[in-house]
Amino acid sequence: MSLFKARDWWSAVLGEGEEFDQGCLCVGDVDNGGSGHDKLVVGSYMGMLRIFSPHSSKSGEELPAEAQLLEVQLQNAIIQVEVGKFVSCSELLHLAVLHPRKLSVYSVSGTSGNVEHGDQYQLKPVYEHNLQRTACNMTYGTFGGVTGHHSLCIQSMDGMLMFFEQDSYSFGRFLPGFLLPGPLVYNPRTDSFLTVSSSRQLESYKYETLAVATEAESRQDPDLPLKTGGKRLMPDWTFVLGEQALDISVPSFSHSSSSIFVLGERNLYCFRDNGQMRFMKKLEFNPSSFLPYASVTDGSTHLLLGNHTNMLQVYQDVTLRWAAQLPFAPVTVRIGNFPELRGVVVSLSSDGHLLCSYMGTDPSFFATPKVDAREVDYEQVDAEMRKLQKFIREASRTQDILPKGDGEEELIIAAAVSSSMDSPSKALIPEIDGLPVPSVTVQVKVKASCVLRASQLTVGILPPLAVTQDQFVLEPMGVGSSTVVTFSAFLNGRYPPADLTGDITVSYSSATGVPRVLLSRFSLPLALVCVPVSPAKTTKFKITVDTNQAPVDLNAIFPEFSGKSEDKDGNSLAFQFLSGATVTVVASKTSQRYRVQSDGFDNMWLVVKELVQRFDRHFSKLGVKDFKKSFSGTLPLQEYFLSVDHHFQLRVSAQQYQDLLSERAVQFRAIQRRLLTRFKDKTPAPLQNLDTLLDATYNQVMALAEAAQETRELLDEAFVRLRSSTHLLVLLLSLGHGLTPDQTAILEATLLPLLQDTPQLGWEESCDAAVSHLLRTCLSRSPKDQATSLAHLGGPVLSLPSDTSRLKKHITLLCDRIAKGGRLTLASEANVQVPAQVQNLAAPGGVEPIAEGAADGGELDLSQGAAKFIKKKQPSKKARKDKKEASRETSETSMKDEVGAAEESEREVKREKKESKKDSSSSKEKKESSKEKKEKDKEASKESGEKKATKKSSVKVKEKKKDEPEAGEN
């Protein structure tokens with residue numbers, strides 16, 4: 001039996017489908033029995049009023065009906081019930097019931113029965129008040145310090161406090177700045193009312209201030225002057241909570257403790273009577289109710305706190321003392337004294353579960369049985385140990401992040417693209433430049449191998465391609481059932497796409513409730529975006545693809561375009577995109593080459609890609625296993641950089657339009673405010689041409705918005721063309737240098753880090769960061785440089801660059817290093833050992849990014865730590881001078897020689913060391929030959945040696961002084 005669990009003493013379930021809330025439970029001696037024992041009064045939103053007198057039964061379980069004293073169905077919903085002295089000239093307790101439009105006060109009386117039916121209880125109305133406003137909650141107390149009876153205060157939904165003194169209405173006041181009602185409580189120590197306003201601050205109003213304030217005959221604007229002689233209502237003090245309050249409590253069980261408790265949505269607050277905070281407790285759960293109930297020691301308060309995790313916690317101020325598990329989340333908690341047990345915790349749930357419980361332990365009579373001692377079978381234990389170790393080894397070998405599914409997949413997706421175009425076409429644009437826009441049907445079949453609930457299918461395709469419907473809701477499927485989804489794809493723009501593939505994503509929940517996602521891809525035909533035409537003879541851009549097999553007939557490679565081709569020999573074939581661009585493929589008659597030519601560099605991508613893929617399929621069907629394709633021409637970087645510059649210029653123009661639009665919008669709002677001020681002024685004043693200025697600014701805003709929209713559309717087109725050019729460049733690099741599929745994927749992810757441009761992050765800065773990372777890591781010249789770059793932490797924030805010169809240099813350097821045999825791999829970064837000298841540089845700002853010149857590329861920029869590291873390996877002034885001359889010459893030639901200047905300087909340093917060693921060996925030979933001379937010659941040689949030493953030391957001092965400003969410049 002769990003220790004931290006509320007012990008059920010008595011419980012009952014009230015009705016079916018009834019709702020209860022915070023004020024629906026009240027504990028007190030409502031029938032004035034005189035025994036000091038409490039009764040439970042429960043009211044529901046359905047208008048049902050029940051009174052219980054719970055007590056434990058010694059003989060078995062007791063039915064809840066035996067403890068129920070009264071059950072009455074009232075006409076209106078019950079918002080709150082309270083027990084107090086609400087009748088004048090009477091010391092007896094009465095029951096106050098708050099309805100939305102009525103306040104009723106009842107007396108509960110019991111009559112002893114003479115037969116077996118027991119006592120009888122009656123509910124008699126004493127008086128009632130019909131309310132003019134809809135009530136929200138109420139509180140009671142000895143308002144104004146009057147003793148002997150209790151007064152009532154009701155808060156309406158529109159922020160009015162209505163005061164009732166027994167059977168008469170006293171007055172009503174509106175709360176200032178009211179929007180939504182909050183909890184309301186009366187503090188008898190200061191004779192004030194506490195509430196939390198919609199501005200999320202705790203407010204205190206004295207009863208005296210409310211009594212002398214303006215009479216609330218109607219809701220008035222607080223900014224307008226008062227119509228009566230009363231004072232404006234102002235709170236006595238306020239405290240900003242920053243969150244909405246669930247309940248407020250002012251305990252009065254101890255005269256020494258003067259605390260106000262406020263339960264927020266995430267915090268528990270305790271204040272003094274003057275509004276000063278005593279403490280605050282941040283809660284790690286969502287509370288539902290609370291009740292301060294005792295003060296064991298002076299200055300501290302014990303309170304019960306219920307939450308939505310079905311826990312009832314006991315706090316002493318901010319310290320958790322006990323926690324008990326409840327079968328529900330309590331909406332209200334009370335403490336009651338009953339005949340057999342005092343201090344019972346009474347809790348009520350929102351669905352009518354009433355529970356009387358206590359916290360503690362019950363004696364357990366369970367005794368652990370003796371275990372028969374038996375001998376251990378060591379052979380069996382060893383066999384079990386070996387079996388477990390085998391399982392552990394097999395589990396440690398698998399490094400998959402996601403667990404592999406057992407058996408077949410729960411869902412199978414098969415996408416089939418129709419071989420013929422739709423008739424009629426379903427494209428949104430019927431024709432482009434006189435050419436009809438076709439559409440093709442894609443059929444997706446989803447088959448389930450188990451019972452699946454409703455799933456969703458999403459079609460993802462990049463513009464300018466579009467589909468007739470991109471989202472489908474699939475019906476629940478049984479075992480072996482299948483569903484077929486059909487949609488059409490077409491061109492929805494006046495420029496060719498960069499990719500003819502699309503994604504099909506199916507999201508569903510498995511039988512165990514685990515969400516899963518399946519992905520499938522489909523490829524659209526080339527005939528969807530282009531038609532065959534006659535070949536073009538003169539073009540701007542040409543690409544030649546070499547193969548090791550005999551030339552093939554292009555009509556056999558592209559059968560869907562051969563019917564309309566004019567060249568029956570199959571040596572040439574031309575494609576015209578719907579946007580107007582023409583791409584021609586020419587096969588050489590004597591060699592094994594194929595030339596692709598067009599007036600646009602990006603237009604060739606789809607044709608070259610389709611040509612390479614169809615070559616692979618064609619020769620694989622023929623059984624040719626050693627088929628190879630290559631590209632031996634010059635890499636068209638300058639043609640590629642034209643697409644980069646065009647995209648960058650459009651990004652700059654879009655940013656400028658956005659800035660101008662923001663300025664004109666600010667100006668437009670400022671003119672509107674001035675005009676509104678003139679129109680509101682009682683004394684008419686001339687507009688001073690503000691209306692003309694408003695019209696002109698409006699026209700400018702509309703013109704700038706249209707220009708920004710047009711630039712955005714051009715930018716989207718430029719980015720698609722840039723993607724096509726980048727795909728073509730990656731393909732040429734892969735064909736030219738024999739890159740593996742993994743290396744091609746790394747290169748494509750580097751040059752195309754984004755699938756779509758955003759105003760916050762663009763292609764230029766993302767690609768520059770990715771290329772720079774490769775140049776510092778796997779494509780660095782030496783392991784030492786790679787380790788130095790890995791020690792670099794962080795980097796500059798990605799933003800729109802000022803120009804594209806840096807990006808062009810990095811892409812050129814990337815292609816150059818790949819051409820020189822650089823390996824594209826991501827595993828090399830983890831295998832490089834960082835030297836001890838470089839580890840000192842692993843700090844923020846320790847290593848700079850790839851060195852760039854001030855304008856067109858000058859000397860390499862080195863940090864202070866790297867300069868010191870290189871400086872240790874420069875013993876002579878000559879080596880440093882040669883290094884400066886070499887770096888100056890390389891900066892004038894190209895970017896790749898600039899990056900290799902440091903390596904050349906290190907080679908020269910090694911040569912200087914070798915020369916110094918030769919000099920030292922020759923000096924030793926001279927010293928050995930001088931031993932045979934006289935003592936006079938020995939003394940002369942010693943003096944000459946001293947002079948040389950002093951001369952060398954002076955030279956070193958001069959070099960050191962010259963090195964200091966050089967290090968500062970670097």
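Is D273 buried or exposed in this structure? Before I answer, please keep in mind that what we are looking at is a predicted model. D273 is buried, because its relative accessible area comes to 16%, and the cut-off for calling a residue buried is under 20%. As for where to look on the screen, D273 sits in the loop that runs between β20, residues 267-271, and β21, residues 277-282.

Its surroundings can be listed by name. If we set aside the neighbours within four places in sequence, D273 is in contact with N187, R189, T190, W237, S258, S259 and I260. With one of these, N187, the side chain of D273 makes a polar contact of 3.2 Å.

Let me move on to the helices, beginning with V730, which belongs to helix α8, residues 690-737. V730 also counts as buried, since its relative accessibility is 4%. Which residues does V730 touch, once those up to four places away in sequence are not counted? They are T744, L747, E748 and L751. I would add that the C-alpha atoms of V730 and L752 are separated by 9.9 Å, while the two residues lie 22 residues apart along the chain.

Two of the residues just named, T744 and L747, bring us to helix α9, residues 741-751, where they are buried together with Q743, I746, T750 and L751. These buried residues lie on the same side of α9, because the arc they cover around the axis is only 160°. On the face turned away from that buried side, α9 carries P741 and D742, which are exposed. And what do the buried residues of α9 pack against? They pack against α8, against α10, residues 763-776, and against α12, residues 805-819.

Finally, I would like to turn to a sheet. It is an open sheet of four strands, in the order β6-β7-β8-β9, with antiparallel pairing. The strands at the edges are β6, residues 80-84, and β9, residues 120-130; each has a single partner strand, and so one side of each is left without a neighbour in the sheet. On average, and ignoring direction, neighbouring strands of this sheet are turned by 25° against each other.

As general background, the strands of a sheet pair through backbone hydrogen bonds, in either a parallel or an antiparallel manner. In our case, β8, residues 102-111, pairs with β9 in the antiparallel sense over ten bridges. If you would like a place to look along these strands, V105 stands opposite Y127 of β9.

Definitions and conventions: Residues numbered from 1 in each chain as written. Predicted model: local features only at pLDDT ≥ 70, side-chain atom pairs only at ≥ 80, totals over all residues. Heavy atoms only, no water. Buried < 20%, exposed > 50% of the residue type's maximum accessible area, 1.4 Å probe, protein only. Polar contact = N/O pair within 3.5 Å; in protein donor to acceptor, adjacent residues only side chain to side chain. Contact = heavy atoms within 4.5 Å. Arc of directions from axis to C-beta. Pairing = 2+ DSSP bridges. Axes fitted to C-alpha atoms, helices over the stretch in contact; angles between N-to-C directions.
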